[in-house]
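Please read these notes with the model open beside you. Take the points in order and find each residue as it comes up.

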Protein chains: 2
Amino acid sequence: METPGISAPSVPAATEQDEHVRTRLLNAAVRVFDRKGYAAASVREVAEMAGVTKPAVYYHFGSKEGLLLAILHQAERQLSHTLEQADLRPGSARERIVALCEDVYALFGQHVPLARVAHAVFLGPPDGAPPFDVTVFEVKFRRSIERMVEAGIASGEFLPVATEDVALGVMAMLELCNERQLHPAFEPVGPGVVRRLISLFFDGVMNAPRG
Amino acid sequence: METPGISAPSVPAATEQDEHVRTRLLNAAVRVFDRKGYAAASVREVAEMAGVTKPAVYYHFGSKEGLLLAILHQAERQLSHTLEQADLRPGSARERIVALCEDVYALFGQHVPLARVAHAVFLGPPDGAPPFDVTVFEVKFRRSIERMVEAGIASGEFLPVATEDVALGVMAMLELCNERQLHPAFEPVGPGVVRRLISLFFDGVMNAPRG
DNA sequence: GTCTATACAATGATAGAC
DNA sequence: GTCTATCATTGTATAGAC
């Protein structure tokens with residue numbers, strides 16, 4: 001499937017087959033941690049799936065923990081990026097909140113194994129994973145929603161309800177959708193569920209007559 | 001703290017110190033699985049915390065998996081019991097739904113370590129735990145809510161909205177509250193959150209003027 | 001029923017050659 | 001940077017005494 005261009009040996013092509021070992025190890029670790037869980041996964045299996053041997057893992061990441069931490073930092077960067085983009089979006093408060101949730105939902109859907117690993121660390125046993133502040137994204141996300149809600153209240157778009165409860169309700173809807181998107185035992189929910197559920201929730205918040 | 005009654009040696013007192021080995025092992029396993037995670041927990045640690053030795057575990061439960069399955073069946077029985085009670089409760093649809101969610105929330109709060117272990121198995125890696133149909137309770141719970149919603153629609157208490165979406169929204173609120181009750185990184189939410197959040201959600205569903 | 005002692009496999013991690 | 005070979009530890013599970 002590759003276009004065999006004129007050979008340029010001084011510029012090694014970055015094909016998927018010839019990725020850097022670091023990247024191959026990260027991708028393999030996500031797959032193995034996702035299937036076996038971090039504690040039950042073995043460094044040997046990760047190395048084999050990446051096509052290298054065990055010492056390569058310890059050379060690049062120092063330990064099994066270092067491998068997981070690299071994965072988590074990668075996830076954190078992607079989430080923070082999505083969050084920062086949403087803060088700059090124009091539109092009504094309601095539409096901005098829905099759009100942010102749809103963005104996060106889409107991001108999770110594009111990186112299901114990575115999201116599952118991060119989710120497992122977030123909810124997993126305290127002793128099972130290395131210390132990693134998993135609440136930083138939750139706090140950032142809640143603050144973003146709360147700012148949007150406050151703007152909506154100030155503009156008269158929302159009723160003067162409890163800002164914190166509205167943020168929790170929105171997060172609840174998004175988390176439910178993500179859970180059902182990530183967990184293999186659930187039948188997949190349609191693409192419009194996020195918008196539908198949050199709209200259902202908002203129709204008790206909007207300061208406007210129904211219809 | 002025990003009342004030293006007249007000695008009755010033929011009836012051994014069921015003090016907490018003198019529980020049956022089976023029960024002590026179950027309680028210890030919940031604590032260890034909760035802290036370390038099922039995969040990382042060792043049978044030796046469970047046995048030591050129960051005050052017995054390793055072979056006692058294999059005598060009573062056959063294997064480490066059998067120990068976990070006994071724990072999960074115990075949790076399943078408690079949840080099914082709460083669900084069956086809620087189906088018989090009288091009152092309006094809205095109040096019955098809120099009461100059911102408060103019951104489940106209280107049940108989780110009374111058995112936090114057990115709930116965390118069950119939650120971890122539910123969301124954990126597919127290869128990490130033995131096969132156990134964790135969706136059975138989720139389906140039962142959703143059907144209960146859906147029946148209540150349909151009754152509310154039929155009686156005119158609710159607007160003719162999508163029953164499935166309402167059930168999902170209610171479950172989302174309950175799950176968020178339970179997550180924050182179970183996860184040590186979250187500051188505890190107050191006792192009225194379940195009712196408050198679900199009420200906030202319902203105020204967009206009720207077929208009645210606001211106020 | 002519960003113990004001591006042990007079999008046996010697998011793990012995370014390292015040393016040192018190349 | 002990546003390999004081969006190896007170490008010390010820990011895991012589940014069992015055999016057999018009592």
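1. Start with the area buried between chain B and chain A. In this predicted model, that area is about 3700 Å². Carbon and sulfur atoms give 62% of it. The contact involves 41 residues of chain B and 41 residues of chain A.

2. How many salt bridges does the rule find across the interface of chain B and chain A? It finds 6. One to look up joins Asp165(B) and Arg196(A). Their closest N and O atoms are 2.6 Å apart. The rule asks for a side-chain nitrogen of Lys or Arg within 4 Å of a carboxyl oxygen of Asp or Glu, so this pair qualifies. Polar contacts between chain B and chain A come to 8 residue pairs, with both residues at pLDDT 80 or more.

3. Which elements of chain B supply the side that touches chain A? Five helices each supply at least two residues: α1 (21-36), α6 (112-123), α7 (135-154), α8 (163-182) and α9 (193-202). The most comes from α8(B), with 11 residues. By class, this side of chain B has 21 nonpolar, 6 polar and 14 charged residues.

4. Now turn to DNA strand D. There are 14 residues around this strand. The nearest come from both chains: Thr53(A) and His60(A), with Val43(B), Lys54(B) and Tyr58(B). Of the strand D atoms that come within 4 Å of the protein, 56% belong to sugar and phosphate.

5. Look at single atoms next. Thr53(A) has a polar side-chain atom 2.7 Å from a phosphate oxygen of DNA strand D. Ala41(B) uses its backbone instead: an N or O atom there lies 3.2 Å from a phosphate oxygen of strand D. Lys54(B) addresses a base: a polar side-chain atom lies 2.8 Å from a base nitrogen of strand D. Two elements give two or more residues to the surface near strand D, namely α3 (54-61) of chain A and α3 (54-61) of chain B. That surface divides into 8 nonpolar, 4 polar and 2 charged residues.

6. Move on to DNA strand C. Here 16 residues surround the strand. Nearest are Val43(A), Lys54(A) and Tyr58(A), together with Thr53(B) and His60(B). Sugar and phosphate make up 56% of the strand C atoms within 4 Å of the protein.

7. Which part of DNA strand C lies 2.5 Å from a polar side-chain atom of Lys54(A)? A base nitrogen does. Two other residues of chain A approach phosphate. A backbone N or O atom of Ala41(A) is 3.0 Å from a phosphate oxygen of strand C. A polar backbone atom of Val43(A) is 2.9 Å from a phosphate oxygen of the strand. For the surface near strand C, α3 of chain A and α3 of chain B are the elements that give two or more residues. The most comes from α3(B), with 5 residues. The classes there are 9 nonpolar, 4 polar and 3 charged residues.

8. Two residues make a useful exercise on exposure. Is Thr82(B) buried or exposed? Thr82(B) has a relative accessible area of 8%, so it counts as buried, the limit being under 20%. This residue lies in helix α4 (residues 64-87) of chain B. Leaving out residues up to four places away in sequence, Thr82(B) touches Asp103(B), Val104(B) and Leu107(B).

9. Now take Ala151(A), in helix α7 (residues 135-154) of chain A. Its relative accessibility is 40%. That falls between 20% and 50%, so Ala151(A) counts as partly exposed. Find Ala56(A) as well. The two residues are 95 apart along the chain, and their C-alpha atoms are separated by 51 Å.

10. Finish with chain A as a whole. How many helices and strands does chain A have? There are 9 helices and 0 strands. Along the sequence, the pattern reads α-α-α-α-α-α-α-α-α. Of the 211 residues in chain A, 45% are buried. Among contacts in chain A with a separation of 6 or more, 69% join residues 24 or more positions apart.

Key:
Residues numbered from 1 in each chain as written. Chains lettered and ligands numbered in written order. Predicted model: local features only at pLDDT ≥ 70, side-chain atom pairs only at ≥ 80, totals over all residues. Heavy atoms only, no water. Contact = heavy atoms within 4.5 Å. Buried area = accessible area lost by both parts, 1.4 Å probe. Polar contact = N/O pair within 3.5 Å; in protein donor to acceptor, adjacent residues only side chain to side chain. Helix = DSSP H or I, 4+ residues; strand = E, 2+ residues; numbered from the N terminus. Nonpolar A, V, L, I, M, F, W, Y, C, P; charged D, E, K, R; others polar. Near = heavy atom within 4 Å. Buried < 20%, exposed > 50% of the residue type's maximum accessible area, 1.4 Å probe, protein only.
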